[in-house]
Amino acid sequence: MIGIKRSHELILLLFFIGLIIIMSLLAPSFLTINNLLSVTQQMSEFGILALGVTVIIITSGIDLSVGSIAGLTTIVIAMSYGWSGSLVAAILLGILAGALCGAFNGVLIAKIGVPPMLVTLGTMTFFNGIALVLSKGNAISDFPEEFYFAGQGYLFGNIPVQTVIFLVLAILTSLLLSKTPWGRRVYAVGNNSVAAVFSGVQVDKVLLYVYIFAGIMAAISGWIISSRVSTARADLGAVYLMQSIAATVLGGTNIAGGSGTIFGTVIGVSVFAVLANGLNLIGVSPFAQNLLMGLALIVVLLISNMSIIKRKITIFIKLNFN
Amino acid sequence: MNDLLKKREFVMFMMLMVISLCISLIAPAFLTPSNLLSIVMNNIILAIMAMGMTLVIVTSGIDVSVGSQLGFAAIFVGLVALIPGSNIFTVLVVGVVSGIVLGLLNGILIAGAEIPAIVVTLGTMNIFRGSLLLYTNGKWVTALPAWYTSLYNTSVMGIPIPIIILLLVIGVTHFIAQHTRLGRSIYALGGNPAIASRVGINTGMVTMFAFAYMGALTGISSILYGAQLATIDPNAGTSFELMVISAVVIGGANVLGGSGSLLGSLIGVLILGVLQNGIILMRIEPYWQNVVVGLILITAVTLDVVNNRKKEERKKVIYVAEEVKAGGSI
């Protein structure tokens, strides 16, 4: 099992390096510090979303509502800034809203036992509905100048703020998963939840916190998105939902649960970001990006499932031609 | 009576009735024949695709690429309809064949490479949409010929053609699901794949069939889509997959596989259609629609789990009671 996982990460890493080499050959401006920094800027928003999604998928769950939570957060931040006039309070309220949304998912999944895909299919629509009702379907854009720091500011001259936030969160999540008892429980639940119960793991508690964690990540992502585009709108973040799940799976997290690393997810996110940025520099139609992102996902998984495919082909040939 | 109350379809049907009653009390225009007909006519595509999605979900699969498939097939149908000399027959063949090809591609990847359905269709969703946008360069297909666009509003023996098509699709899908070996294999595969393959079911073939059939129905829907709107946007069907899946889930199909009924999915489609129509007629701000739909989805799936658990507990109690009666120890 470990062998398979390692080979997946190796294939992905080779794929990623190959991609970088091709891009830098085709577009000379690709391999410059400034461009690479802007790649990290572009990947931070859905990278943060993907951190939460990774932890959830490790528990063999899925969260379709993270995009809607991000959108709702942008509205909560904008409206609570309008009432309170305090930016810090507004952002904290936004993150609290994300945590509450995650807790709502978590209670239904962990305490009542509804399958995660069904719960989050419902809450995806529900949270988006709340955001639409609150904002009456409008975009809100009366933010103060300081709000734009998280999405448009730079630290130490030219390092984008959201890159730093993403890196810090990625390292924290990685440590949380690999160095804490909670992290081990997350893997245990995903591997075999029945066995986890019998080893004394409080599965419902672990799951509840996992969904709250993803809610908080989605909220942070929403905060950065609205800071970058200087607006709050209910549908911000929706486009990143499928991308963040795809990047997580591309990064080697097994959709059936039990395995996956934050390192893999970061590489998965990077592959998508490099593809988007590089193709843009080469001047390929943005329509081709969708196509290539989908292809990248399928191709990497095909390569890492090669042994299964070979076995099936041999059986097929034996049955039909012998 | 007690059994009827426990049936998921019946509960959802009562919910549909209650919703309809509430709407008709506030908006008298709701309960008119012409409005009811328009609800049906506006949700034909959703209903056709929900039939295919029910089978896919029963096999414990899921297809999030159907929105992209719909757009893909619709553009091809539209381009073929523009060629002089094409007729209903050519359009039908192109729509259905392109749908089957896309669906079969999903099926082969899922069954052949053992990649989970949600991952495969997440990838193909982007591949289908991306290649479509690349091919059309984002341009719409317009100026569709009259023989094609009139398809949606023509009636045969007083019944609009789309309704006839829907009835045919329901009939064929019902026949496959209830009266063929294949249908039983679909339910068996979703119930327990290991046992299904041990009793000699070719699980790979069954999976491929379910996805190809979903594709075929998407192809049929794509023909109606172009005829209904008279212009085809290459972004057609974006996030439509979520509507289809929601309808099927409201109708009681379990995403873990093994259960789901066509009748339930049709009721799910009607609930979504009635809500959409009712919210407009009641002059409620349209933003409330997602709140209501989301709440109905959450309530439906939660009730399902709670009811199932009660049933299982009752089974356990009966089992223990019989053990005791038989003199066994617990």
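Between domain 1 and domain 2 of chain B, the tally of residue pairs in polar contact (both at pLDDT 80 or more) comes to 0. Salt bridges between these two domains also number 0. This is a predicted model, so it's worth a look at what the domains do share, then at how chain B meets chain A, and finally at how confident the predictor was.

**Inside chain B: domain 1 against domain 2**

- The domain assignment splits chain B into domain 1 (2-284) and domain 2 (288-330).
- Their C-alpha centres sit 30 Å apart, and the contact draws on 15 residues from domain 1 of chain B and 10 residues from domain 2 of chain B.
- Together the two domains bury about 1,100 Å², with carbon and sulfur atoms giving 77% of that area.
- On the domain 1 side, B:R8, B:L275 and B:I279 are the trio to look at: they supply 33% of the area that domain 1 of chain B buries against domain 2 of chain B, more than any other three residues.
- Again, there are 0 salt bridges between domain 1 and domain 2 of chain B.
- Three helices of chain B give two or more residues each to the domain 1 side of this contact: α2 (8-26), α13 and α14 (262-281).
- Of these, α14(B) gives the most to that side, with 5 residues.
- By residue type, the side of domain 1 of chain B that touches domain 2 of chain B breaks down into 10 nonpolar, 3 polar and 2 charged.

**Between the chains: B against A**

- Chain B puts 45 residues into the contact, and chain A puts in 45 residues.
- The area buried between chain B and chain A is about 3,800 Å², 80% of it on carbon and sulfur atoms.
- B:L122, B:Y287 and B:I298 stand out here, supplying 15% of the area that chain B buries against chain A, more than any other three residues.
- Polar links do turn up across this interface: there are 5 residue pairs in polar contact (both at pLDDT 80 or more) between chain B and chain A.
- Four helices of chain B each give two or more residues to the side that touches chain A, namely α6 (88-113), α7 (117-136), α13 (240-250) and α15 (288-325).
- The most comes from α7(B), which gives 14 residues to the side of chain B that touches chain A.
- That side of chain B divides into 29 nonpolar, 12 polar and 4 charged residues.

**Salt bridges**

- Over all chains, the count of salt bridges is 6.
- Across the interface of chain B and chain A there are 3 salt bridges.
- One to find in the viewer pairs the side chains of A:R311 and B:E114, at 3.8 Å from N to O.
- Within chain A, the side chains of A:D204 and A:K111 form a salt bridge at 3.5 Å, N to O.
- Since A:D204 lies in helix α10 (residues 203-229) of chain A and A:K111 in helix α4 of chain A, this pair ties together parts that are 93 residues apart in sequence.

**How far to trust it**

- Chain B has an average pLDDT of 89, and 96% of the residues score at least 70.
- Within chain B, helix α1 (residues 2-6) has the lowest confidence, with a mean of 57, while helix α4 (residues 44-58) has the highest, at 96.
- Where pLDDT is low, don't read the predicted coordinates in detail.
- Chain A has a mean pLDDT of 89, with 98% of its residues at 70 or more.
- Among the elements of chain A, helix α1 (residues 2-26) has the lowest mean pLDDT at 80, and helix α4 (residues 87-112) the highest at 95.

Methods:
Residues are numbered from 1 along each chain as its sequence is written. Chains are lettered from A and ligands numbered from 1 in the order in which they are written. Side-chain values use heavy atoms; hydrogens and water are left out. Contact means heavy atoms within 4.5 Å. Buried area is the accessible area (1.4 Å probe) that two parts lose on being put together, summed over both. A salt bridge is a side-chain nitrogen of Lys or Arg within 4 Å of a carboxyl oxygen of Asp or Glu. A polar contact is a pair of N or O atoms within 3.5 Å; within protein, one must be able to donate a hydrogen and the other to accept it, and residues adjacent in sequence count only if both atoms are side-chain atoms. Ala, Val, Leu, Ile, Met, Phe, Trp, Tyr, Cys and Pro count as nonpolar, Asp, Glu, Lys and Arg as charged, and the others, Gly among them, as polar. Domain bounds come from an automatic or database domain assignment. pLDDT is the predictor's confidence in each residue, from 0 to 100.
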